[in-house]
Amino acid sequence: MSTYIAAIDQGTTSSRCIVFDHGGAIVSVAQKEHRQIFPKPGWVEHDAEEIWANVLDVVHGALQKASLTVHDLAAVGITNQRETTLVWDKATGKPVHNAIVWQDTRTDQLVKELGEQNRFREKCGLPLATYFSGPKVRWLLDHVDGLRERGERGEVLFGTMDTWLIWKLTGRHVTDVTNASRTMLMNLETLDWDDELVDAIGVPKAMLPEIRSSAEVYGTATGTLEGVPVASALGDQQAALFGQTCYSPGEGKCTYGTGSFLLVNTGDKPVVSENGLLTTVGYKIGDQPAAYALEGAIAVTGALVQWFRDKMGLIGSAPEIETLARSVEDNGGAYFVPAFSGLFAPHWRSDARGIIAGLTGYIDKGHIARAVLEATAWQTREVVDAMNADSGVELVALKVDGGMTANNLLMGFLSDVLDVPVVRPIVAETTCLGAAYAAGLAVGYWSDTETLRENWHKAAEWLPTMDAKTRDKGYRKWKKAVERTVGWIDEDDNDE
């Protein structure tokens, strides 16, 4: 039996390959950043060819670092930035346009034209928003010459980044249920493309990939991974849910990356949110029933630290923010709401823009650094409140992962704000781990999910120490600051 499983994580800012052993431990990692392209305010694009070249580089790099060859791999799994939308020529394999990234807000006007925010929520679990893939595809069809006609003839293919990578690796045009559930085009009950949704949003069915489970062999790779089964695909947040072994209803995790995403497993039935959350597919293993999840998406968390570093120049590296924030006792009354591309859950206001509230002459860069970190915790609190209301079950602990969990000040403050323990696992790279686990299950490398649960071990835990009065006062001020962010964008601000 081959000894290892590889996972490709095609993320928003970089692509990685991690090789895991049977115990779920990391054997080697390779990572490479790609360019962020900003053609206009609110527009964000990626070069899919650059990403593909980087993926090949990191796969080769991860194998080389561990002195492995493809023959040492039992399978490869894929996890990806979700909603990022690409259309490419079926014959040449060339993208017809840069990929439109999930954060991109160019579809704002189109989304308004498509109607009332909850128009499709019952079928697809999602509010009408710029975030999702369906409107992004429609924008491309409306703005790239001749693309609609070519789409109707099946000459061009649509995919999210999982679909692009599977196509490049195996020549198969497929996606999995988790990624399909983020397009606004899939019916959550049937787990198939929905004619009414496809027609209403205006995307030719001939362009759409086949929807498959999250853990099955889609095909065998050629090229760099010659002969290796490509055996899983999960959107990055669902992959983290799977990697954190949240296999029972009520178990949840939050991944702190560029944005942050809190998912709670709701079992084999979709729960329609009354509080601005998304209903999504958590995962589907082979022929087993799908597991659904409620999700709260926060657009800007780690990206705010990057902004603080790159645009403000107040720190030289991301970890320095903790040192700077610890130079003061508290936020000095300053609250930072990072609505750089609108507010996601539970508000869904694309007209919101970021603000710093409570500024006085007393505030210095240490207070701002603290406000930057605290923004992530307060935004998480808003999502947890909405989840508790929807599910009727109080969150008792939060499993966390992602780059920001290395920040101990933030994790402690998060526990204080939520008033629950915050727990980080030994393997913090749970997104890749989830893709590896799903691929391993598909090829029999691991026997079942119970085996995977046994691999999960706690590395750190933070317990709440803040008194209720301080917590409630801080939350009230945060909500006041959020109120001041909305309504900044006028109708004519988005005119091309």
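# Exercises on a predicted protein chain

The protein chain exposes about 18700 Å², and carbon and sulfur atoms supply 49% of that area. Keep in mind that this is a predicted model. Grab a pencil and try each task before you read on.

## Exercise 1: Overall build

Task: Work out how the radius of gyration of the protein chain compares with the globule rule.

Solution:
- Start with the parts: the protein chain has 16 helices and 23 strands.
- Now take the radius of gyration, which is 22 Å, and set it beside the 23 Å that the globule rule gives for 496 residues. The two are close, so the chain is as compact as a globular protein of that length.
- For the outline, look at the C-alpha trace: along its principal axes it spans about 60 × 50 × 45 Å.
- Next, check the inside. Buried residues make up 61% of the 496 residues.
- Finally, look at the contacts between residues at least 6 apart in sequence: 71% of them join residues at least 24 apart.

## Exercise 2: An open sheet

Task: Find which strands stand at the edges of the six-stranded open sheet.

Solution:
- Write down the strand order, β3-β2-β1-β5-β14-β13, and note that the pairing is mixed.
- Read off the ends: β3 (26–33) and β13 (215–220) each have a single partner strand, so one side of each is left without a neighbour in the sheet.
- From one strand to the next, the twist averages 25°.
- What holds paired strands together? Strands of a sheet pair through backbone hydrogen bonds, either parallel or antiparallel.
- Zoom in on one edge: β13 pairs with β14 (residues 229–235) in the antiparallel sense, over three bridges. For G219, the bridge partner in β14 is V230.

## Exercise 3: Helices across the sheet

Task: Say which strands helices α9 and α14 lie across.

Solution:
- Take helix α9 (residues 236–243): it lies across β5 (73–80) and β14, at about 105° to β14.
- Then take helix α14 (residues 430–442): it lies across β1 (4–10), β2 (14–20), β5, β13 and β14. Helix α14 runs at about 135° to β14.

## Exercise 4: Cysteines

Task: Explain why C246 makes no bond with the closest cysteine sulfur.

Solution:
- Recall the idea: a disulfide is a covalent bond between the sulfur atoms of two cysteines.
- Count them here: the structure holds zero disulfides.
- Check the distance. The closest cysteine sulfur to that of C246 is in C254, 11 Å away, which is too far for a bond.
- Is C246 buried or exposed? C246 is buried, with a relative accessible area of 1%.
- Try C124 as well: C124 is buried, with a relative accessible area of 1%.

Key. Residues numbered from 1 in each chain as written. Predicted model: local features only at pLDDT ≥ 70, side-chain atom pairs only at ≥ 80, totals over all residues. Heavy atoms only, no water. Pairing = 2+ DSSP bridges. Helix = DSSP H or I, 4+ residues; strand = E, 2+ residues; numbered from the N terminus. Axes fitted to C-alpha atoms, helices over the stretch in contact; angles between N-to-C directions. Contact = heavy atoms within 4.5 Å. Rg over C-alpha atoms; globule rule 2.2 N^0.38 Å. Buried < 20%, exposed > 50% of the residue type's maximum accessible area, 1.4 Å probe, protein only. Areas by Shrake-Rupley, 256 points an atom, 1.4 Å probe, with all protein chains shown as cover. Disulfide = S-S within 2.5 Å.
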